[in-house]
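Work through the exercises below with the structure open beside you. Try each task before reading its solution.

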Amino acid sequence: GKPLQSIKQRLAAGKQVEQTFTLDQCGLYYLDVIIRNDDGEILKRLSSKQGIGIVSPAPRELTEHNPLAFWADWEDRFYFDVPTRRLNYVPSRDVQLGESDTAAMDKFMEKYDTYANRVPNFRAFVWFYCKHDSSEETRQGNEKLFSEAIKLFKSLNIFGLEVTSEPHAKDIKGYVAMLKEVYKAVQREKPELVIVPPGAAPPSIPMIADILKQGGINYVDGVSYHPYTANPIGTYLWESNTARLKKVTEQYPDKNLVMWNTECTVGQLPRINGRPMTRSDGFAARFKSSNSYGLQFFPFFVPRYPEDEGAALQCHGILMDLLQGYKLYTIHTTPNNEGQPSYKGLAITALAGQVLNKQKQISRLPMSIAQNMCIMIKDTDDKTTAALFSLNESTVNFQVQPNKTYRTMDMLGNFSQITANNGGLITLPIGLKPVYIFDVPSEMKEVVPLLVQAPKVLPENRLLAGKVTVTN
């Protein structure tokens with residue numbers, strides 16, 4: 001809330017005013033504009049301060065290796081165009097079996113063209129509003145739906161089908177029959193499409209297992225899941241639904257099933273007069289609160305945090321999901337930031353553009369404290385970036401190349417550097433907000449100093465007698 005710059009200028013009637021100002025750090029700022037008369041009385045003022053996002057430069061084009069996707073059904077929250085989008089296909093209700101659903105196809109193409117004409121390297125995957133019961137009428141309807149739609153997709157840059165979104169399918173036999181119609185249409189019209197259903201909600205892993213077991217395995221290339229969590233590190237360490245999902249997919253080793261995250265987010269609290277709401281504001285507004293492994297949040301249909309914390313945890317979620325094997329992370333956001341620049345938008349821009357754009361391999365470096373994460377991202381140029389984050393604030397030490405200077409970046413995209421000492425040691429802060437170190441050696445490892453509590457006064461010979469025991 002501290003003023004950083006103040007610019008005063010006299011206004012002339014009927015004249016347009018232009019004013020340039022510079023902010024040298026990536027971050028979230030707020031602009032207030034006030035018009036006063038000669039006596040200092042306020043004549044007009046912005047109803048709420050205008051948010052300004054200063055971001056790290058994004059690459060001109062994101063590559064096909066970038067794992068981030070975004071809903072096409074919501075406004076953009078990034079400061080560059082994400083090329084991979086999730087589109088939905090909605091059949092018309094009043095179309096008879098023998099008629100072509102031109103209205104649905106036209107509506108789909110309108111949305112597709114919106115992005116295809118604007119976004120470099122645009123590509124999409126699709127889910128359908130469709131029935132999946134066992135009736136013959138439904139089967140015939142699905143046969144027509146998928147035949148028409150996938151024939152339409154033939155000339156489009158569509159690479160996969162989520163098929164459904166959170167279906168909560170009770171009729172597994174009917175769902176498998178629906179998948180069979182999808183598979184037949186794909187094989188006939190566009191065999192390169194990957195089929196990755198069912199877009200399951202967090203509690204629906206048993207449903208996925210049943211779909212595969214009852215024949216669905218014959219018609220799919222992978223599974224899609226919505227792994228919402230309030231605490232990505234805590235969930236990874238103690239109760240990972242994704243680990244349960246992997247056990248399901250590993251029952252079919254010959255299929256090599258891919259995993260897609262097709263909907264996920266960490267939410268943020270709404271704004272108050274344009275500014276981010278604090279945790280205290282949330283309590284004052286009587287929002288219900290909850291706790292996830294020590295992190296206090298406000299449950300909505302997604303977990304909500306103060307904006308800066310939510311941005312950090314969104315980065316945790318992306319990195320932890322990629323670590324666990326998802327090949328795609330699709331961000332579903334909510335309009336809580338009212339279209340203004342947000343910490344989450346800044347943080348995802350930095351992560352997507354500067355760290356993940358060429359990623360080909362991701363692993364976790366062993367750390368002495370379980371809640372400390374060091375995620376190693378290897379890119380197509382065989383360079384490795386380390387992402388550091390934790391549930392607790394402390395410092396960590398790493399063994400790297402002696403006397404070498406490494407480039408670093410904070411969560412919002414501000415670059416800095418750190419130089420290793422003669423012994424090749426670097427010391428870095430670690431906490432909720434990620435820190436990134438670029439071009440580190442792949443053999444980098446944590447160094448844990450042994451701390452001995454010495455007496456205040458040494459013996460006369462200045463030698464300490466005793467035994468130090470190190471245990472795991």
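The exercises that follow cover ring pairs, salt bridges and pockets in this predicted model.

**Exercise 1. Classify the aromatic pair of Trp127 and Tyr129, and say how buried or exposed each residue is.**

Step 1. Start with the whole structure: a search finds 20 aromatic pairs.

Step 2. Trp127 and Tyr129 form one of these pairs, with 4.8 Å from centre to centre and 45° between the planes. Planes under 30 degrees apart count as stacked and those over 60 as edge-to-face. The angle of 45° is in neither range, so the pair of Trp127 and Tyr129 is tilted.

Step 3. Now check accessibility. Buried means under 20% relative accessible area, and exposed means over 50%. Trp127 has 10%, so Trp127 is buried. Tyr129 has 44%, so Tyr129 is partly exposed.

**Exercise 2. Classify the pair of Phe287 and Phe298, and find which parts of the chain the pair ties together.**

Step 1. The ring centres of Phe287 and Phe298 are 6.2 Å apart, and the planes make an angle of 75°. An angle over 60 degrees counts as edge-to-face, and that is the class of this pair.

Step 2. Locate the residues. Phe287 is in the loop between helix H7 (279–284) and strand E16 (290–292), while Phe298 belongs to strand E17 (residues 295–299). The pair therefore ties together parts eleven residues apart in sequence.

Step 3. Compare accessibility. Phe287 is partly exposed at 26%. Phe298 is buried at 2%.

Step 4. Look for a charge. The charged end of Arg304 sits over the ring of Phe287, 5.4 Å from its centre. The charged end of Arg304 also sits over the ring of Phe300, at 4.2 Å from the centre of that ring.

**Exercise 3. Place three salt bridges in the chain: Glu263 with Arg86, Glu309 with Arg279, and Glu181 with Lys184.**

Step 1. Recall the principle: side chains of opposite charge can pair when their charged atoms come close. The count for this model is 17 salt bridges.

Step 2. Take Glu263 and Arg86, whose closest N and O atoms are 3.6 Å apart. Glu263 is in strand E12 (residues 258–264) and Arg86 in strand E6 (residues 84–89), 177 residues apart. Both Glu263 and Arg86 are buried.

Step 3. Take Glu309 and Arg279, which meet at 2.7 Å, N to O. This pair links helix H8 with helix H7, across 30 residues of the chain. Both Glu309 and Arg279 are buried.

Step 4. Take Glu181 and Lys184, with 3.4 Å from N to O. Both lie in helix H3 (residues 172–189), three residues apart, about one turn of the helix. Glu181 is buried at 5%. Lys184 is partly exposed at 33%.

**Exercise 4. Describe the largest pocket and the second largest pocket by volume and lining.**

Step 1. The largest pocket holds about 2000 Å³ of space. Its lining has 45 residues, and Gln5, Leu31, Asp32, Val33 and Ile34 lie nearest the centre.

Step 2. Strand E1 gives the largest share of that lining, four residues. By class, the lining of the largest pocket has 21 nonpolar, twelve polar and twelve charged residues.

Step 3. The second largest pocket has a volume of about 600 Å³. It is lined by 19 residues; among those nearest its centre are Pro91 and Lys131.

Step 4. Helix H2 (residues 136–153) gives the most to this second lining, seven residues. The classes here are eight nonpolar, five polar and six charged.

Note on methods. Residues numbered from 1 in each chain as written. Predicted model: local features only at pLDDT ≥ 70, side-chain atom pairs only at ≥ 80, totals over all residues. Heavy atoms only, no water. Phe/Tyr/Trp six-rings, centres within 6.5 Å; stacked < 30°, edge-to-face > 60°. Buried < 20%, exposed > 50% of the residue type's maximum accessible area, 1.4 Å probe, protein only. Helix = DSSP H or I, 4+ residues; strand = E, 2+ residues; numbered from the N terminus. Lys NZ or Arg CZ within 6 Å of the ring centre and 35° of its normal. 1 Å grid on protein atoms, 1.4 Å probe; cavity = no way out; pocket = protein on both sides within 12 Å on 5 of 7 lines; lining within 4 Å. Points joined across faces, edges and corners; volume = space filled by probe spheres on them. Nonpolar A, V, L, I, M, F, W, Y, C, P; charged D, E, K, R; others polar. Salt bridge = Lys/Arg side-chain N within 4 Å of Asp/Glu carboxyl O.
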